[in-house]
Amino acid sequence: MQKQFDMKNRIIKTSEEYDTACERVYEIIHSTDKQILPNTQEGEELELISLLIENYEKEHFRITAPSPVEAIKFRMEQMNLKQADIAPLFGGKTRISEVMNGRRPLTLKMIALLHKYLEIPFESLIAENYKYHLSNLGKEQIMKISSIKKLHSGKNIAIA
C-alpha cells in the first residue's frame, strides 16, 4: 500500500512525517525506469518533498565539521598511511605524535604542508584548532574602524 505524503504547504515536523516523506521519495524514484523530468507531476512532487526533507534534516541532523586531527586521521585512512609516513610534514615522529594526541597544536607550516601534500582542505585544518578571541575592549576598538564595521555590517555573526 502506497503511503501518501500530504504536500499541501506542510513542513515536516515529526520523525514519522520525515519517514513517510522519505518513503514517498523512494516510491517516486522507483515507480518508473524512465527519467523523472522536472516539469512533470512526479518531478514537482519529488522536488518539493526533497526540499522539505532537506529542511528537516538541517534542523534535526546537523553534521559538525571534524576536528583537524580527525580530518588528518580520515585522510590517512583514505590513503592507507601511517603516522611515520607523514612525519616529515610535522617535523618528525615526536611532533606528529604530540599533534595527533592533542598535546601540541598544528602550526601554520604543518597546515600548509598537510594541505599541499595530502590535499586536506584548509578549512578542515583550521576549524576549531585555535580558539582566538578578542577581549571585549578589543572588539569595541576594532569595530570602531569604519572599513571593518562596514565589512561586518548586516552579517549575523558573532565577532569573537
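The protein averages a pLDDT of 85, and 87% of the residues score at least 70; pLDDT is the predictor's confidence in each residue, from 0 to 100. This is a predicted model, in which local features need pLDDT of at least 70 and side-chain atom pairs count only at pLDDT 80 or more, while totals for chains, interfaces and linings use all residues. Residues are numbered from 1 along each chain as its sequence is written, and side-chain values use heavy atoms, with hydrogens and water left out.

**Exercise 1. Work out the fold outline and where confidence is highest and lowest.**

Step 1: Count the elements, taking helices (H or I, at least four residues) and strands (E, at least two) as DSSP runs numbered from the N terminus. You should arrive at nine helices and zero strands, in the order α-α-α-α-α-α-α-α-α.

Step 2: Turn to confidence. Helix H4 (residues 83-90) has the highest mean, 96, and helix H9 (residues 146-152) the lowest, 84. As a reminder, where pLDDT is low, the predicted coordinates should not be read in detail.

**Exercise 2. Describe the contacts and the surface of the whole chain.**

Step 1: Take a contact to mean heavy atoms within 4.5 Å. Among contacts with a separation of 6 or more, 45% join residues 24 or more positions apart.

Step 2: Sort the residues into buried (under 20% relative accessible area), exposed (over 50%) and partly exposed (in between), using a 1.4 Å probe and protein chains only. Of the 160 residues, 23% are buried.

Step 3: Add the area, which comes from the Shrake-Rupley method with a 1.4 Å probe; for residues, only the protein chains shown count as cover. The total is about 12300 Å², and carbon and sulfur atoms hold 53% of it.

**Exercise 3. Find the partners of Tyr18 and classify each ring pair.**

Step 1: Pair the rings of Phe, Tyr and Trp (its six-membered ring) if their centres lie within 6.5 Å; planes under 30 degrees apart are stacked, over 60 edge-to-face and the rest tilted. The whole structure yields three aromatic pairs.

Step 2: Start with Tyr18 and Tyr56, whose centres are 4.9 Å apart with 25° between the planes, a stacked pair. Tyr18 sits in helix H1 (residues 15-29) and Tyr56 in helix H2 (residues 41-60), so this pair ties together parts 38 residues apart in sequence. Both Tyr18 and Tyr56 are buried.

Step 3: Move to Tyr18 and Phe61: with centres 5.5 Å apart and planes at 55°, the pair is tilted. Phe61 belongs to the loop between H2 and helix H3 (68-78), so its pairing with Tyr18 of H1 ties together parts 43 residues apart in sequence.

Step 4: Compare accessibility. Tyr18 has 13% and is buried, whereas Phe61, at 46%, is partly exposed. Finally, Tyr18, Tyr56 and Phe61 make one aromatic cluster.

**Exercise 4. Locate the residues other than glycine with a positive phi.**

Step 1: Recall that most residues other than glycine have a negative phi.

Step 2: Look at Asn80, with a positive phi of about 55°. Asn80 is in the loop between H3 and H4 and is exposed at 69% relative accessibility.

Step 3: Look next at Glu119, where phi is positive and near 55°. Glu119 is in the loop between helix H6 (108-118) and H7, and its relative accessible area of 60% makes it exposed.
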